[in-house]
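Subject: Structure for your files

Hello,

Here is the structure you will be working with. Please open it alongside this email, and my notes follow below it.

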Amino acid sequence: VVGTYEKCKTFGFVVPDNVKINRDIFVPQERSKGAVDGHKVVVELTDFGDAAHKPEGKVTKIIGHINDPGVDILSVVYGHDLPLEFPERVLNQAERVASEVSETDMLGRLDLRDVTMVTIDGEDAKDLDDAVSVSFDEEKQIWHLGVHIADVTNYVQENSALDWEAKKRGTSVYLVDRVIPMLPHT
């Protein structure tokens, strides 16, 4: 549970960010990891409590102080259990992907690298992977609009570490100040 730590003399408690959790979480001082008033923390529940007792927990991570830049975004990341890093085996596999397109990669594909395209991703986009092209067919006297979307599936082998990580993540997550990508950058 992510929330704001509030310290008392001999204990502390965490006010959860998630409004669906409507009870503060009691944290014994020896389980606070040194958190102080205003720290955003991740707390693990050790006792769910009952009608007469608050839930109890221990601080597992201090994210930072509520006034520190970026702590609000990290609170969202930890609150939704979003992965910030890739496992080493996934990074190693991504590093082994060739940077040049091979002849084998081209089999069954139309090579459009010589077509002039314009990205349609916004100015603040974190990845430029969508584009359009326009051409005129003189012989048929018609315009062609090409819509181009980057295809990385050729480089992600089924049941590989990259494939399983992509399945687990499901999509890239776009936050105000960062992107948590589905696949590592190479």
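Which strands each supply at least two residues of the nonpolar patch? They are β7 (130-137) and β8 (142-149). Please keep in mind that this is a predicted model.

The patch lies on the surface, covers about 700 Å², and is made by Val134, Phe136, Trp143, Leu145, Val147 and Ile149. β8 gives the most to it, with 4 residues. Phe136 sits in strand β7. Its relative accessible area is 33%, so Phe136 is classed as partly exposed, the class that runs between the buried limit of 20% and the exposed limit of 50%.

The strands behind the patch belong to an open sheet of 3 strands, ordered β6-β7-β8 and paired antiparallel. β6 (118-119) and β8 are at the edges; each has a single partner strand, so one side of each has no neighbour in the sheet. Between β7 and β8 the antiparallel pairing runs over 8 bridges. Within this part of the sheet, Val132 is placed opposite Val147 of β8, and Val147 is also one of the residues of the nonpolar patch.

One further residue is worth a look. Glu165 is in helix α4, which spans residues 161-169. Glu165 has a relative accessibility of 4% and therefore counts as buried, the cut-off being under 20%. If neighbours within four places in sequence are set aside, Glu165 is in contact with Phe86, Pro87 and Val90.

Regards

Key
Residues are numbered from 1 along each chain as its sequence is written. This is a predicted model: local features need pLDDT of at least 70, side-chain atom pairs count only at pLDDT 80 or more; totals for chains, interfaces and linings use all residues. Side-chain values use heavy atoms; hydrogens and water are left out. Patches are made of residues with over 30% relative accessible area and no salt bridge: like charges are joined within 9 Å, nonpolar side chains (Val, Leu, Ile, Met, Phe, Trp, Tyr) within 5 Å. Accessible areas come from the Shrake-Rupley method with a 1.4 Å probe; for residues, only the protein chains shown count as cover. A salt bridge is a side-chain nitrogen of Lys or Arg within 4 Å of a carboxyl oxygen of Asp or Glu. Buried means under 20% relative accessible area, exposed over 50%, partly exposed in between (1.4 Å probe, protein chains only). Two strands pair if DSSP finds at least two bridges between them. Contact means heavy atoms within 4.5 Å.
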